[in-house]
Amino acid sequence: MAATNGAGNTTSPSPAKTPAELDFRSGAKLEDLNKLIQEFSRQDQREYDDYKALEIHTAKDFIFSMLGMVQKLDQKLPMANEYLLLSGGVREGVVDMDLEELGLYVRRTDYDMDFTLLVPALKLHDRNQPVTLDMRHSALCHSWLSLRLFDEATINKWKDCCTVVDHANGGANYFFSPTRVAEWFHQAFTLVLGEVLKKPQRGMPKVERVEKNQTVISVVLAVGSSRVLYDIVPVVSFKGWPAVAQNWLMENHFWDGKITEEEVISGFYLVPACSRHGRRDNEWRLAFSRSEVQLKKCISVHLIQAYQAYKAIIVKLLSRPRAISPYHLRSLMLWACDRLPSSFLAQPDNAAHFLLGLLDDLAHCLVNRSCPNYFLPQCNMFDDLSDATVLLLACRLSSVRSDPAEHLRSAVEHAKAANKLAQELRQQLQQRRSSPGPNSSQADGTAGQDDGLARKLQQLVTENQGKSISVFLNPDDVSKPHFRIDDKFF
């Protein structure tokens, strides 16, 4: 009923306050979960100033120069090679590999930034039709690779990295061995690195750690105030699309109309990873890393933020036994993008819904022991989970779902503490640099040169977005850098 004031005027009733939207399972306010996700995203983001960009570039150039020397060592690697550099290490799930076989590296403790570099040992880029692989001896999503696809010169070059199987016609069939290729690659990289370290150049990164973790070489470089981790993986590179994944192209996907099919199916890889019951010396795993780089462009930033928070919680909680990898979590996100309207996924206020939904998706996959590969749905990545493992992980996941706010707060506090440690480390390094010493005048001159170089590099990046930019320094005269933009030198 409307009220009247002293003047006899009727006043409108106060609008009813909209009740807070709650999560049915935990009772948490979705608004509070949204704020926690935003705070985690803010704490977890990596800021790159000019110096940081220059340090990353210096580390990348060092790794690329090592690979160039490996190629010259015995001419095994392709002369004109195409590396794929991915942001995030193998342990972050950028490639589907077996994490239990990798050493433990912790961001902000062992490194500050991490990358994965796929290095083709062989390339098959001259075919336009669907690529048919020999999958008769392998589990789904895996294959052997016969060198009969290549010329005689290539076979002779790689014989020592093959297993030999007698062919029905009496000849020998050479199968490219992932373990032998990885062993050769590690020996060649270590040999080249040893020669370089005998004659260190001015401005060269400090090599803090080099380890072979099964088929992955992990290298940690210290450049200025940054420690950069490179996970280097020898692979086989194909152009086109595998015949076994042709049906996937027939379905509707979230990226339809946003990018072209040609961009999505530009190529794929075989990475050195084996199925649980496969032959380790012969079996490779299909990887669609090129496609995943393109698909990421079509995922809303709000879903990405929720996914990063979700990954931080799950990876920490379900780390033992290591049955669930970040790659599995990424696959669930891609399936969600296919299932849900893009208008819903684009809403910033839905971040809490995204996180809770991803938790529910993972619980569903565990209970049903089913996690289909996004590109090969017939491949169930949870097929080998035991009943005991499923029960253990499902119980832990249930505890997260019962109180997601508490686990988000824990993830935020962990990110804050890690940032504080990283900031203290940077301050210590800056104090060492600013402390006067016998070579202070020389150091000041070098700092000035570095500052000018950083500004020049930042300007070039701004003016030439999307182009390949490299810096070449003469170790005897670093005051005169040369820049290359694509194929032009300046």
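1. In this predicted model, helix α8 meets helix α12 through a small set of named residues: Ile313, Ile314 and Leu317 on the α8 side, and Arg396, Leu397, Ser399 and Val400 on the α12 side. By class, this contact between α8 and α12 comprises 5 nonpolar residues, 1 polar residue and 1 charged residue.

2. The geometry of that pair may be stated next. Two packed helices are described by the angle between their axes and the distance between the axes. For α8 and α12, the latter spanning residues 387-402, the angle is about 140 degrees and the axes lie 10 Å apart. Helix α8 is therefore oblique to α12, since angles over 145 degrees would be needed to count as roughly antiparallel. The crossing of α8 past α12 is right-handed.

3. Helix α8, which covers residues 301-317, also packs against helix α11, residues 351-368. Their axes come within 9 Å and cross at roughly 45 degrees. This angle makes α8 oblique to α11, because a roughly parallel pair would require an angle under 35 degrees. Here too, α8 passes its partner α11 in a right-handed crossing.

4. Which residues form the contact of α8 with α11? From α8 come His302, Leu303, Ala306, Tyr307, Ala309, Tyr310 and Ile314; from α11 come Ala351, Phe354, Leu355, Leu358, Leu359 and Leu362. The contact of α8 with α11 counts 12 nonpolar residues and 1 polar residue, with no charged residues.

5. One residue deserves the reader's attention in both contacts. Ile314 of α8 is listed in the contact with α11 and also in the contact with α12.

Notes:
Residues numbered from 1 in each chain as written. Predicted model: local features only at pLDDT ≥ 70, side-chain atom pairs only at ≥ 80, totals over all residues. Heavy atoms only, no water. Axes fitted to C-alpha atoms, helices over the stretch in contact; angles between N-to-C directions. Helix = DSSP H or I, 4+ residues; strand = E, 2+ residues; numbered from the N terminus. Parallel < 35°, antiparallel > 145°, perpendicular 65-115°, else oblique. Left-handed = near helix turned anticlockwise from the far one by under 90°. Contact = heavy atoms within 4.5 Å. Nonpolar A, V, L, I, M, F, W, Y, C, P; charged D, E, K, R; others polar.
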